[in-house]
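Grab a viewer and work through a few exercises on how the parts of a protein model fit together. Try each task yourself before reading its solution.

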Number of protein chains: 2
Amino acid sequence: MDAPTLLLYELAGADPALRFSPHCWKARLALAHKGLPAETLPWRFSEIERIAFSGQKLVPVLVDGETVVSDSWRIACYLEERYPERPSLFGGASAVPLAQFVNAWADTTLAPAITRVILLDIFERIHPEDRDYFRRSREQRFGASLEDVASDRAGNLAAVRAALQPLRRELAARPYLCGDRPAYADYCVFGMFMWARSVSATDLLAADDPVASWRERLLDAFGGMARRAAAAGRAA
Amino acid sequence: MDAPTLLLYELAGADPALRFSPHCWKARLALAHKGLPAETLPWRFSEIERIAFSGQKLVPVLVDGETVVSDSWRIACYLEERYPERPSLFGGASAVPLAQFVNAWADTTLAPAITRVILLDIFERIHPEDRDYFRRSREQRFGASLEDVASDRAGNLAAVRAALQPLRRELAARPYLCGDRPAYADYCVFGMFMWARSVSATDLLAADDPVASWRERLLDAFGGMARRAAAAGRAA
């Protein structure tokens, strides 16, 4: 029997091929880790009605037959429980809360730092209809204009590199955050790099950073799925 | 058969009862988790000769019969391997690299932020013979005098609270970082709070912070071992 086809709604830019949400990348990588083929559907900020069936307003949304799951963490837990015979996303119950901490670290420490670096790149690449919403919501969050937040380019980039210090210490000693092979905690962090890569030509990392070598390994994972994805300033 | 008596060399203040190193607390909590009674010996920065037998110059140093182990992470791994029949510090192999990441996060993100808040408190409480070494090494690290580093008290405290955001998000949803019961990743972070508590009257946390409730639970763990420890400005 073939694996069932799943649907994943992903945030897209003006170019529907551009999928830039870090949280949607977490879900896509979780599906790839489980070896589950999924159809990925582009979705834009303003298309709230299209995912109303999920009972909320954000992507990723996973549709698996009759089951609808939103929120990247809940999608990972759903896949782990629904497909236990496939490669584990966590490797055991004791790793689940710690993977969730890594996810929280990526969301609350890395993401705010990366946002400051790529804010104007995102703005340029989203659909014109989405720009008012994006500018208004982000300027409210920062209490400053997009242009002012982004203006200290060197300082913003240095802050990202400083925030990566715990990851850097670990990746100097082993190939993946989760050990010899990648697992869900790796994808929670790598999703942040796919977010930046998809919209921005700015490289978040120095070439000799151990984090950069790890990123290369994950770009190559799953037959180069992430490396082939549409990305700003890179050949398709 | 009684459990063998282990020796743990711990960093001490001018008052030998004051044990303030976060890394020594990690080791002491790991021993308590395993239910292993240990004799804890006070050690000061300047007593390099007293631990020369360990082949290096830092505490914690654990002596278990013929075996000598230094470095808190290696001590935890040693205890897990040597005493597998006792409660696990990690809960399974897949949690080990993620616990190590939490340790790296505590060491590279939390510790530098907390240092700025408690630097002068540490200086006051270490032995007069250790003060030159402490001032020289820390002022070199910061590129500024201890007094200058500590001068922005409100800003330094706000930075600690901001750095705790990923921990806060997780502890809003469950009692311990590791789940329903504490394990080594909890101790890696809690050790940082014992460091601050032992030398400083400044509370790092607001009373309504979910991190504060978690800290209370760990102060009560192991029969209140951490709560009973000598601490600045608190009744013994």
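Below are five exercises, each with a worked solution.

This is a predicted model, in which local features need pLDDT of at least 70, side-chain atom pairs count only at pLDDT 80 or more, and totals for chains, interfaces and linings use all residues. Residues are numbered from 1 along each chain as its sequence is written, chains are lettered from A and ligands numbered from 1 in the order in which they are written, and side-chain values use heavy atoms, with hydrogens and water left out.

**Exercise 1. Size up the contact between chain B and chain A.**

Step one is to count residues. With contact taken as heavy atoms within 4.5 Å, chain B puts in 27 residues and chain A puts in 27 residues.

Step two is area. The size of an interface is often given as the accessible area lost when the parts come together. Buried area here is the accessible area (1.4 Å probe) that two parts lose on being put together, summed over both. For chain B and chain A that comes to about 2100 Å², with 68% of it on carbon and sulfur atoms. On the chain B side, look at Leu98(B), Phe101(B) and Arg169(B): this trio supplies 31% of the area that chain B buries against chain A, more than any other three residues.

**Exercise 2. Work out which polar links and which elements make up the interface of chain B and chain A.**

Start with the charges. A salt bridge needs a side-chain nitrogen of Lys or Arg within 4 Å of a carboxyl oxygen of Asp or Glu, and the rule finds two of them across this interface. Asp107(B) and Arg169(A) meet in a salt bridge, at 2.9 Å from N to O.

Next, polar contacts: pairs of N or O atoms within 3.5 Å, where, within protein, one must be able to donate a hydrogen and the other to accept it, and residues adjacent in sequence count only if both atoms are side-chain atoms. Between chain B and chain A there are eight residue pairs in polar contact (both at pLDDT 80 or more).

Now the elements. Helices (H or I, at least four residues) and strands (E, at least two) are DSSP runs, numbered from the N terminus. On the side of chain B that touches chain A, the elements giving two or more residues are α3 (96-125) and α7 (165-171) of chain B. The largest share, 12 residues, comes from α3(B).

**Exercise 3. Find how chain B and chain A are related.**

Superpose the copies by least squares on the C-alpha atoms of residues with pLDDT of at least 70 in both. A rotation of 180° with 0.0 Å of shift along its axis puts chain B on chain A, at RMSD 0.0 Å. The two copies are thus related as by a two-fold rotation axis. To spot that axis, go to Ala95(B): of the residues of chain B, its C-alpha comes closest, at 2.1 Å.

Then check the surfaces. The copies meet through the same surface, because 100% of the interface residues of chain B are also interface residues in chain A.

**Exercise 4. Describe how domain 1 of chain A packs against domain 2 of chain A.**

First, the bounds: an automatic or database domain assignment gives domain 1 (6-82) and domain 2 (93-228) of chain A. Their centres, taken over C-alpha atoms, are separated by 19 Å.

Second, the contact. In chain A, 20 residues of domain 1 are in contact with 30 residues of domain 2, and the area buried between these domains is about 2300 Å², of which carbon and sulfur atoms give 72%. In domain 1 of chain A, Lys26(A), Phe45(A) and Trp73(A) lose the most area to domain 2, together 30% of what that side buries.

Third, the polar links. Between these two domains of chain A the count is three salt bridges. Arg44(A) forms a salt bridge with Asp130(A), the closest N and O atoms being 3.4 Å apart.

**Exercise 5. Locate the cis peptide bond that joins Val59(A) and Pro60(A).**

Check omega first: for this bond it is about 5°. Then place the proline: Pro60(A) is found in the loop between β2 (38-43) and β3 (61-64) of chain A.
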